[in-house]
Amino acid sequence: MRMVHRHRWPSLFVVWIGLVLVITGCASLDPGTGAVTDGIDRPPEEELIKAKVVRVIDGDTIVARVKEKEERIRFIGVDTPETVHPEKGEEPFGKEASDFTKTHLPAGGTIFLEMDAEERDHYGRLLAYIWVEEELFNASLLQEGLATTLTIPPNVKYRDEFRALEQESREKEVGLWGEEEASGGQGSGNDPAVTGTGGCEGQIKGNVNRKGEKIYHVPGGPNYEQVKEEEWFCTEEEAKSAGYRSPRGQ
């Protein structure tokens, strides 16, 4: 007797619909800044601290209410251009970075803080990674080209992921990287950068120590080989202009 498989195609159709729904549901987890969250998983709820945004100071600093207390919070691992610095004034893309943070971290909004090894800096500010649902906002700033990486040990949990995002933004020339490329300025990262109007290859290392001090090191210096670079410069003048100083005693 001939067997008729009446339910084969309907069953496959149901499976296909199910896969579409799963994929669509996963895509909807990202709340809208376009941040790459693959490989950067949000920690369990019990490892995060719930907070309410009070106001945004600039692109990488906010005030939030944490455990019934207002705290100034500095984002770990990133550095946005200045808008309110007493000496530097407003830097290119500083306003864009600040506006981006104000848009995505509005006053009254709920965020979750992830701490690292060191909880506060020498200014007394809380140091945190900012989670908005499944999005790591620190990473969003890098992806949008509105921040550079700033690694200050011992807070290094997402250092490699952040550097990869910065490199991707540089290659795409988005945000401040488009500005830097157009003006011939230097960037930051792990590799010597071609900088300045002369097109030199940067060999001066910019490093941020555990106290948050920005120090540059020249080839042949006593600690040059051991120092981990955050930025590369062609000249000492460039390093000084970026806020770095020479090591003590030099």
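In this predicted model, Glu70 and Arg65 form a salt bridge in which the closest N and O atoms are 3.5 Å apart. Both partners keep some contact with the outside: Glu70 is partly exposed at 41% relative accessibility, and Arg65 is likewise partly exposed at 36%. Side chains of opposite charge can pair when their charged atoms come close, and the structure holds 12 salt bridges.

A second bridge begins at the neighbouring position, Glu71, whose side chain meets that of Arg120 at 2.9 Å, N to O. This pair links distant parts of the chain, 49 residues apart: Glu71 belongs to strand β3, whereas Arg120 lies in the loop between β5 (110-114) and β6 (126-132). The surroundings of the two partners are worth a look as well. Arg120 has a relative accessible area of 33% and is partly exposed; Glu71, at 10%, falls under the 20% limit and therefore counts as buried.

Further along, the side chains of Asp79 and Arg74 come together in a salt bridge of 3.2 Å, N to O. Bridges with shared partners extend this pair into one network of Asp60, Arg74 and Asp79. Within that network, Arg74 is buried, with a relative accessible area of 10%, while Asp79 is partly exposed at 21%.

Aromatic rings offer another set of interactions, with a count of six aromatic pairs. In one of them, the ring centres of Phe75 and Phe137 are 6.0 Å apart and the planes stand at 85°, so the pair is edge-to-face. Here too the partners come from distant parts of the chain, with their positions 62 residues apart: Phe75 is in strand β3 (residues 69-75) and Phe137 in helix α3 (residues 137-143). Phe75 is buried at 1% relative accessibility, and Phe137 is buried at 0%. Ring pairs also bring in Phe100, giving a cluster of Phe75, Phe100 and Phe137.

Charged groups meet rings as well. Arg42 lies over the face of Phe112, 4.6 Å from the ring centre. The charged end of Arg170 takes up a position over the ring of Trp177, at 5.1 Å from its centre.

These local details can be set against the chain as a whole, which contains six helices and 13 strands. Of its 250 residues, 40% are buried. Among contacts with a separation of 6 or more, 61% involve residues 24 or more positions apart. The chain exposes about 14200 Å², and carbon and sulfur atoms supply 52% of that area.

Methods: Residues numbered from 1 in each chain as written. Predicted model: local features only at pLDDT ≥ 70, side-chain atom pairs only at ≥ 80, totals over all residues. Heavy atoms only, no water. Helix = DSSP H or I, 4+ residues; strand = E, 2+ residues; numbered from the N terminus. Buried < 20%, exposed > 50% of the residue type's maximum accessible area, 1.4 Å probe, protein only. Contact = heavy atoms within 4.5 Å. Areas by Shrake-Rupley, 256 points an atom, 1.4 Å probe, with all protein chains shown as cover. Phe/Tyr/Trp six-rings, centres within 6.5 Å; stacked < 30°, edge-to-face > 60°. Lys NZ or Arg CZ within 6 Å of the ring centre and 35° of its normal. Salt bridge = Lys/Arg side-chain N within 4 Å of Asp/Glu carboxyl O.
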